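Subject: Structure handover

Hello,

Here is the structure I said I would pass on. My notes on what was found in it come after the structure itself.

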Amino acid sequence: MLDLPTTPLQQLLRQRLPGHSLPAPFYLSPEVLEADMAHIFGKHWIYVGVEPDVAEAGDVAIFDIGKTSIAVVRDDDGEVRAFHNVCRHRGARLVTDEKTTVGNLVCPYHSWTYNLAGDLIHADHMGPGFKRSCHGLKPVHIRSLEGLLFVCLADEPPVDFDEMARRLGPYIAPHNVRNTKVAFQSDIIEPGNWKLTMENNRECYHCGTNHPELTVPLFAYGFGFSPEEMDEFDRANAERYGCLITKNHAEWEAEGLPSREIDELDTMVTAFRTERLPLDGEGESHTLDTKAACKKLLGDFASAKLGGLSVWTQPNSWHHFLGDHIVTFSVLPLDAERSLLRTKWLVHKDAVEGVDYDLENLTSVWLATNDQDSELVGLCQQGARSPAYEPGPYSPNTEMLVDKFINWYVGRMAEHVGR
Ligand code: 3BY
Ligand code: FES
Ligand code: FE
């Protein structure tokens, strides 16, 4: 067999110790980030936003994944489509606002005009041999999972999106994302590599000591305590609140709300996890008084006491579906050491601010939590820069999902670059 020399990236992938955080270059190196953009963000289904971002025909929302700018539009037939935001004339950026509403897409440079299906319908002075039909906008693969929008930049996207949609769809559908509006969006730049933002999201080991607001509605749930700890946790809840996680699952399922855990975080290409969990206190929402923040409930819900349905996807999203609102998060790398965390709060589309909900009450838990998490991510980024950093062990009881994220990442990278 040929003994081929390994590339630095292959060497790094081989260095990863099972059950441990990554070698420092994975968090620091611009070359690794470039590989992440090519192989992770360039070849997988990436969560970018929600159908309510483009609620009406002619609405356009721009999402940037690294150097790639994508225009998501709702066409005249109500279909959501995605195109590269690059004019086919001399390549000008077509749409510059993050959100806009248009009849057609008109390039600001020489006014080439594309309809909402991406066809070039107008281009002056191009001479007799010019074929408009050869210069339509380049399409981008886009799929809606019950209103959550995922794009894929690969020529041939992973086919198991369908499986994720089939299995997750029934969990999300009752919350009716398509019938919501974006009440608020926050964009923060976290001072860390995108993988540190994701690792931080995948555990609640840090929650008790860092998230005084989040732990009001959320049980200090360990994301996988040991079986003994889980029994203890169940017992304590049963005593304090009369609610047993396993019993709640059965009740919710009987009400037509799929609730049981599905965990495919490191077993699929389009990897995901979901579970519906009870909430603390009044048990209604992610608010400081644990009651619904919005009077108009989502879907057909008659009560907000539904616990919280959480959904996590690799490589870049997590979502919390409550009875009265939805909080949805995407992470996009900006460079090796900075990431964009975008959070949207969705409420019923007919809910009126100041009447049905108060924006501060709706957003306070997660705005505070995001700031706290951002700081923690920054601490890890600073640590990774030190020559003293070495990969440390994940807790087998509370950091299994972090390990699964990293296992998925390393596995997907190895699949594309070899190991
Ligand atoms: O949002 C999440 O999925 C997790 C749960 C609690 C902390 N963390 C950000
Ligand atoms: Fe768009 Fe010329 S670059 S019309
Ligand atoms: Fe956190």
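I begin with aspartate 356, which sits in the loop between strand 17 (338-348) and helix 9 (359-385). Please keep in mind throughout that this is a predicted model. Is aspartate 356 buried or exposed? Neither label fits: 17 other C-beta atoms lie within 10 Å of aspartate 356, so the residue counts as partly exposed. The cut-offs behind that are 20 or more for buried and 12 or fewer for exposed.

Leaving aside residues up to four places away in sequence, aspartate 356 touches Cys294, Lys295, Lys296 and Ala351. Glutamine 382 is 26 residues from aspartate 356 in sequence, and the C-alpha atoms of the two are 43 Å apart in space.

Next, the ligand. Which residues are around ligand 1? They are Asn201, Cys204, Cys207, Ser310 and Trp318. Sorted by class, this shell holds three nonpolar and two polar residues, and no charged ones.

One sheet is worth setting out strand by strand. It is an open sheet of four strands in the order 4-3-2-5, and the pairing is antiparallel. Strand 4 (80-84) and strand 5 (99-101) form its edges, each pairing on one side only. On average, neighbouring strands of this sheet are turned by 25° against each other, with direction ignored. Within the sheet, strand 3 (residues 68-74) and strand 4 run antiparallel and are joined by five bridges. In one example, valine 72 has alanine 82 in strand 4 as its bridge partner.

Last, the protein chain as a whole. How many helices and strands does the protein chain have? There are 10 helices and 17 strands. The C-alpha trace spans about 80 × 65 × 35 Å along its principal axes. For 419 residues, a compact globule would be expected to have a radius of gyration near 22 Å; the protein chain has 23 Å, so the two agree. Of the 419 residues, 43% are buried. Taking contacts between residues at least 6 apart in sequence, 65% join residues that are at least 24 apart.

That is the end of my notes.

Regards

Notes: Residues numbered from 1 in each chain as written. Chains lettered and ligands numbered in written order. Predicted model: local features only at pLDDT ≥ 70, side-chain atom pairs only at ≥ 80, totals over all residues. Helix = DSSP H or I, 4+ residues; strand = E, 2+ residues; numbered from the N terminus. Rg over C-alpha atoms; globule rule 2.2 N^0.38 Å. Contact = placed C-beta atoms within 7 Å. Near = placed C-beta within 6 Å. Nonpolar A, V, L, I, M, F, W, Y, C, P; charged D, E, K, R; others polar. Pairing = 2+ DSSP bridges. Axes fitted to C-alpha atoms, helices over the stretch in contact; angles between N-to-C directions.
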